Amino acid sequence: MELPFAESWKIKMVEPIRKSTREEREQWLKEAHYNVFQLKADQVYIDCITDSGTGAMSDRQWAAVMMGDESYAGARSFFTLRDTITRITGFEFVVPTHQGRAAENVLFSHLVKAGDIVPGNSHFDTTKGHIESRKATALDCTVDEAKDTQLEVPFKGNVDVKKLEKALEEHADKIPFIIVTITNNTAGGQPVSMQNLRDVRRVADKYGKRVVFDSARFAENAYFIKTREEGYADRTIKEITLEMFALADAMTMSAKKDGIVNMGGFIATRWEDWYEGAKRFVIPFEGYLTYGGMNGRDMEALAVGLDENTEFDNLHTRIHQVQFLASLLDEYGIPYQRPAGGHAIFIDAGKILTNVPKEEFPAQTLTVELYREAGIRGCEIGYILADRDPVTRENRFGGLDLLRLAIPRRVYTDNHMRVIAVALKNVFDRRNEITRGVKIVWESELMRHFTVKLAPAAE
Ligand code: F0G
């Protein structure tokens, strides 16, 4: 008999978590204005609000913490990190930053100016924010397949090369670079194929443009290339990673995801002119060139994390768990963005709470219901997150309305996945009785989802 799957690690340290009662949660929801960002983490039983900075470091990473060189300038830990990044990505120049959005801020300060257009595949909110705040446009060129949650295609995160080529034909002079997010978070943690990265490179070369990878989950992307794309089954994750980055000119990185550290990020590039440009901004915004907002100990832990998480077993354990949760949802018939992505399951709330009008925010309603049911915290990636149209001030109901359950790395067991699935099933079973959603009581102008105050629409 074939041995079953098991994790590629064992557990050395644990952190207690606490269940709560439905009455307690009802009270806490009221106090949090039905916005799960406003809950205290102690009020949460299983926390799937993000996979960012929430992973469990390994014993080797904790050991590396003790080796941190906290010198202001020229710290050994910087060179350890730089050499690791160069070995894994091929990029020679490295600028540390305190997290991913800081890397965007530094690099885009050098590259993006008013009137520019930056095409890419579903830019992440902060990426978009750093483009739009410079009065430039983030042009989404994601493949249309990503919009149909029930369509099962292997690389749903891809760039639509036709859309990209059209953008370049029409606006080449306004395009400072192309950005490809691997994996595509907003489309559901969906990967981008090597073929697609090659196609983007070909178009970029035709128009003499450079390509940046937003690389927060690059290792998970490499895992999907290995397991789904023809010709890569026998290649190592590190070989695939090098091949991916050979198709880019630079990367911005939120190390809080695939670096498996609690805080950190960087820019890496093969181009000295971009490095010189980034240097001008990292010093005033982040810190000196050899720490850029990171502690020496964090740079040590990140160097180890990058190495460990570009090994197949670690990634297989991680993605197997996300797929396990998906298989339970399949059993219960709960619709999500298919196939399961790398870091999260995106539940299609619009297909579940069909009695809740879109004006009452079905995905946010489902987020609240799941917390009410079992103390599980996901997050809405839907109509509230989409903010209002800057010109008409109308809510933007054009996109998908999803509940994201992000799975932290090496933190929860498959039993926790079972609890999540059953809690969702319980909500799913009473979906037809849920006829009212939530209404907005107070909101900020931009990125309202973090601070929005809501109330039951029926009140
Ligand atoms: N790019 C992508 C694709 C991301 O998912 C994130 C963060 C960032 C950039 C920004 O990095 O948080 O280190 O500043 N995503 C988190 C999430 C917050 O929950 O998906 P950061």
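**Review note: helices, strands and unusual backbone geometry**

1. Helix α14 passes helix α15 in a right-handed crossing; a crossing is given this name when the near helix is turned clockwise from the far one by less than a right angle, and is called left-handed when the turn is anticlockwise. Helices (H or I, at least four residues) and strands (E, at least two residues) are DSSP runs, numbered from the N terminus.

2. The basis of the note should be stated early. This is a predicted model, in which local features need pLDDT of at least 70 and side-chain atom pairs count only at pLDDT 80 or more, whereas totals for chains, interfaces and linings use all residues. Residues are numbered from 1 along each chain as its sequence is written, and side-chain values use heavy atoms, with hydrogens and water left out.

3. Two packed helices are described by the angle between their axes and the distance between the axes. For α14 (residues 362-374) and α15 (residues 414-429), the angle is about 115° and the axes are 9 Å apart. Axes are lines fitted to C-alpha atoms, for helices over the stretch in contact, and angles run from 0 to 180 degrees between N-to-C directions. On the α14 side, the residues that meet α15 are Leu-366, Glu-369, Leu-370, Glu-373 and Ala-374; their counterparts in α15 are Ala-423, Leu-424, Asn-426 and Val-427. Contact means heavy atoms within 4.5 Å.

4. Gln-364 also belongs to α14. Is Gln-364 buried or exposed? Its relative accessible area is 5%, so Gln-364 is buried. Buried means under 20% relative accessible area, exposed over 50%, and partly exposed in between (1.4 Å probe, protein chains only). Neighbours within four places in sequence aside, Gln-364 is in contact with Tyr-34, Asn-35, Glu-380, Ile-384, Val-438 and Leu-454.

5. Glu-380, one of these contacts of Gln-364, stands opposite Leu-403 in β12. Strand β12 (residues 402-406) and β11 pair in the antiparallel sense over three bridges; two strands pair if DSSP finds at least two bridges between them. Both strands belong to an open sheet of three strands, in the order β9-β12-β11, with antiparallel pairing. Because β9 (344-348) and β11 (379-381) each have a single partner strand, they stand at the edges, and one side of each is left without a neighbour in the sheet. On average, neighbouring strands of this sheet are turned by 35° against each other, direction ignored.

6. Helix α10 (residues 272-285) agrees with the expected length: at 1.5 Å a residue its 14 residues should span 20 Å, and its end C-alpha atoms are 20 Å apart. The expected span is 1.5 Å times one less than the number of residues. Nevertheless, α10 bends by about 25° at Lys-279, where the bend is the angle between axes fitted to the seven residues ending there and the seven starting there. Its buried residues are Trp-274, Tyr-275, Gly-277, Ala-278, Phe-281 and Val-282, and they pack against β2 (93-97), α4 (100-111), β6 (211-214), β7 (250-254) and β8 (265-269).

7. The neighbourhood of α4 and α10 can be followed through His-110, which lies in α4. His-110 and Gly-277 are 167 residues apart in sequence, yet 5.5 Å apart in space, C-alpha to C-alpha. Residues up to four places away in sequence not counted, His-110 touches Asp-273, Trp-274, Gly-277, Ala-278, Arg-280 and Phe-281. At 28% relative accessibility, His-110 is partly exposed.

8. Strand β6 is covered on both faces: Val-211 and Phe-213 on one side, and Val-212 and Asp-214 on the other, are all buried. In a regular strand the side chains alternate between the two faces of the sheet. β6 runs parallel to β5, and four bridges join them.

9. Some backbone details deserve a check by eye. Most residues other than glycine have a negative phi, and most peptide bonds are trans. A cis peptide bond joins Ile-182 and Thr-183, with omega about -15°; Thr-183 is in the loop between β5 and α7. Another cis bond joins Arg-338 and Pro-339, also with omega about -15°. His-33, although not a glycine, has a positive phi of about 55° and is partly exposed at 32% relative accessibility. Ser-122 has a positive phi near 45° and counts as buried at 9%.
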